[in-house]
Every structure is written in C-alpha cells, then in structure tokens.
Amino acid sequence: MAGLDRETLEAALGALDDFASRRLTDAALLEFDAKDEFPEAVVREMCGAELGIQLFFIPEECNGMGAGAFDLYRICERMARIDLGIATGLLATFLGSEPVSVGGTPEQRKLWLSKIADNGLLMAYGATEPAAGSDLAALRSTATRDEKDGQIVGYKLNGAKQWISNGGVADLYSILADAPGGPTWFVVEKGAPGLGHGKPEDKHGIRASNTAALSLDDVYVTPDRVVGLVEGQGLVQALSVFGYTRLMVAAFGLGAGWAALDRAIPYSQTRLQAGGPLSEKQGYTHKLIVPHAVRLEAGRAYIEEVAARIDAGEENLNVEGAIAKYLSTEAGNAAAEASIQALGGYGYTREYMVEKIKRDVRITLIYEGTSEIMEMTISRDRWQLHLKTRG
C-alpha cells in the first residue's frame, strides 16, 4: 500500500491544526472573506520550511513525502475544515502538477516537481475555457509549431482560459492547447511574454482563493515544455487523474460539511428554547443535525474505500471518483445549509462562520466537474456495464 505511516500522518495533521490556530483564526478568515483577499503570504508560508504542505503531494523521488490517496484525503478534509478558499489555492498546485506527474518524462517530473517541493512554487491548472466549461474536448486554445529545417523548435500558444485557481498568482502554469497532433499539455512559467491574467473574480464564496482568467497571446515555449514530449496526449492525461482529483474535492465537501456541523452542534447544547437546550429536541436534532452527520459519514466511508483501492494500485476509478464527489459534496452543501437554519438568525449573519462556510462549500458542486456531470458520468458507466453484463 502506498502512503505514509499513521504516526507521520497524524503529526502532519497536528502541525496543520497548530499553524491554523495561530495564522488562520476565525477572525482572520472572516477578514480575508470580507476583503475578498487571497492571503498569498500565508499560503506561501504554508509551503515553506515550517509546514511544507506541498511535500505531501510530491513523490519521494522528487523530494516530496509521497503521500497516498488516503493521506491526501485526510489532509484535504482538514484543510477544508479550516478554510475552503485557502484549501483550493493549495490544491490548485496539486492539480496543476498532475499532467507532469502522470504524463511527464522522468526528467520533466524531476525538474518541475522538485522545484515545487524545494521552493514551494504555486501552480495553476489551465484547462477550462470560457465557452467549454467541463467539456475539455471543446478546446479552442491552439499551439502552433515553429519549425526550422523540418524540426520543431518551439510552439506559439494562443487562447483564453477561465476560472483558473491561482491564475493571478502562480509561478508555473500547465496549459492545455490543441497542437497539430491533438490536445497537449505545456508547462509555462510566470512572466512569459504574452501570458496575461485578468483581475480576480468577485466570487460568491471561496473568496480567500485567487481565481482569474488567463490570456495567451503568442506565448512561446520550447519543445521540452511539451508534457511527455509527444503531442496529442492531453485528454488522456487529464482523464487519467479524475478519479484521484475528484476524490480530493469530495474530501473538501466532507470537511466543509463537518466544519458547519461542528458549529451547529455546540450551539444546540447552549441555546435554550421552550425550557431546555435545542440538543434535547428531536424536531431540531433529527432534522438539522443527525441526517447530515449520517450522510457525511456515508461519504467518508466511500471516500476511504476508493482511496484504499487507489493506494492498492487499482486504476480507472473515474466513476468511483465521481460517485465520491457527488455524494460528499452534496452532503457537505446540505449540512452547511442546515447549519444556518440550526443557528437561526445568527446563522444568517457574517459574524458566524456557518454563513461563510455555506457560500464556500457551494463551489464543490461545480468545480472539478459539476454535480450534473457527475450524474452523467455515473449513469453512462453503469448503463454500459448493464449492457455488457446483459443486466
């Protein structure tokens, strides 16, 4: 089985909690949210010597810790319990590096992943486009070859990307563009001529993350920036990790849902209504607390099953990743909604964190594939299985 030993994992979670208690208090998080501010200095500090959160996402041979899927689910859940916006900024580096991790040559993996591990670089995943959304096949960004004497000496990238986490702050970008040989990933560094980004999006939630559009105007890259050094592998590389990355977003839904319930439950024990605490009233607990705790823990059980299968080396778990994401993000969103109701008027104010958590967790039903895309993925696969097995 891949991954960390239990002692190392628990120490990492403890270090994350300790850092959050000092640098990511509720007051600080509410201020970031109110100012619509990405706390870049804090996020880079999390990738520094004290915490080194990025190391868990990097294999050991590239100077990382080589955490397994189970370890990363636990870390993602804990980050989401702290703040889903900051968690999104950290996960964006993992997503951005995945094309290199999956499709890069050994030399490319060593070069780029080691830089992330050693220097705490932030990365962005440049796939989504304004007119395509979740449909990566509807790619319009282009990569035009620059040839001399019959040899490819470079590429010019042109196009636009939308809803890119870390889009305005990343040090490295993985960019999906349509080359003559088909969709291909390219690694682009910050400051490359022709690479621009828009102002941060004014979002409903996860306001502590940076989300910005990217523009590519004749961005020139050399052939060694082609992930895998072969054109046309981009969609295969993207699809090969959906089971993995969607599992991490499922963990986000789980963490945010529990972050909300963790505030509603203590409130119910101290809030007196009609002669007793709300926690003693079944009309309250059996509607607003219990069913959501059950659904979240059902989501956890499935996340852990899929994580164990990934760590055991099983492949092609895209549908299982979709099920985990659909189940846990829907449960997390419903739990946050119920927690607002559980706190009554207080829950509707920005002073109490559940209002913010509800706005934050809503994105988990959208990014890395909407709930509707998850339904289509699950339905299509199960229907094909039904036909293959004659029912």
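# A guided tour of strands, helices, pockets and cavities

Begin by selecting residues 142-148, which form strand β2, together with residues 151-165, which form strand β3: the two strands run antiparallel and are joined by seven bridges. The model on the screen is a predicted one.

**The strands**

Within this pair, select Ala143; its bridge partner in β3 is Leu157. Next, move to the turn of the hairpin that β2 and β3 form, where two residues lie between the strands. Select Asp149 in this turn, which has a positive phi of about 55°.

Keep β3 displayed and add strand β7, residues 211-221. Eight bridges pair β3 with β7, again in the antiparallel sense. To see one position in this pairing, select Gly159, which stands opposite Leu216 in β7.

**The helices**

Two packed helices are described by the angle between their axes and the distance between the axes. Select helix α1, residues 6-23, and then α4; α4 covers residues 69-82. At what angle do α1 and α4 pack? The angle is about 15°, and the axes are 11 Å apart. Because angles under 35 degrees count as roughly parallel, α1 is roughly parallel to α4. The crossing of α1 and α4 is right-handed.

Leave α4 selected and replace α1 with α8, residues 242-270. The axes of α4 and α8 come within 7 Å and cross at roughly 40°; the two helices are therefore oblique to each other. The crossing of α4 and α8 is right-handed.

**The largest pocket**

Now select Thr128, Ile366, Tyr367, Glu368 and Gly369, the residues that lie nearest the centre of the largest pocket. This pocket has a volume of about 1000 Å³, and 42 residues line it. To display more of the lining, add α5 (84-103), β3, α7 (234-239), α8 and α13 (371-388), each of which supplies at least two residues. How many residues of this lining are nonpolar, polar and charged? The lining divides into 21 nonpolar, 12 polar and nine charged residues.

**The second largest pocket**

The second largest pocket has a volume of about 680 Å³. Select Glu98, Val102, Val241, Tyr244 and Ile310, which are the closest to its centre among the 29 residues of its lining. The elements that contribute two or more residues to this lining are α4, α5, α8 and α10 (290-311). Of these, α5 gives the most, with four residues. The lining of the second largest pocket comprises 15 nonpolar, eight polar and six charged residues.

**The largest cavity**

The tour ends with the cavities, of which five have a volume of 30 Å³ or more. The largest cavity has a volume of about 60 Å³. To find this cavity, select its lining: Ala80, Arg81, Ile82, Asp83, Leu84, Ala256, Ala259, Met353, Lys356, Ile357 and Asp360. Two or more of the lining residues come from each of α4, α8 and α12 (353-361). Which element gives the most to this lining? That element is α12, with four residues. Seven residues of the lining are nonpolar, none is polar and four are charged.

Technical notes
Residues are numbered from 1 along each chain as its sequence is written. This is a predicted model: local features need pLDDT of at least 70, side-chain atom pairs count only at pLDDT 80 or more; totals for chains, interfaces and linings use all residues. Side-chain values use heavy atoms; hydrogens and water are left out. On a 1 Å grid over the protein atoms alone, a cavity is a set of points where a 1.4 Å probe fits but cannot get out, and a pocket is an open set with protein on both sides within 12 Å along at least five of seven lines; lining residues have an atom within 4 Å of a point. Grid points are joined across faces, edges and corners, and a volume is the space filled by probe spheres set on the points. Ala, Val, Leu, Ile, Met, Phe, Trp, Tyr, Cys and Pro count as nonpolar, Asp, Glu, Lys and Arg as charged, and the others, Gly among them, as polar. Two strands pair if DSSP finds at least two bridges between them. Axes are lines fitted to C-alpha atoms, for helices over the stretch in contact, and angles run from 0 to 180 degrees between N-to-C directions. Angles under 35 degrees count as roughly parallel, over 145 as roughly antiparallel, 65 to 115 as roughly perpendicular and the rest as oblique. A crossing is left-handed if the near helix is turned anticlockwise from the far one by less than a right angle, and right-handed if clockwise.
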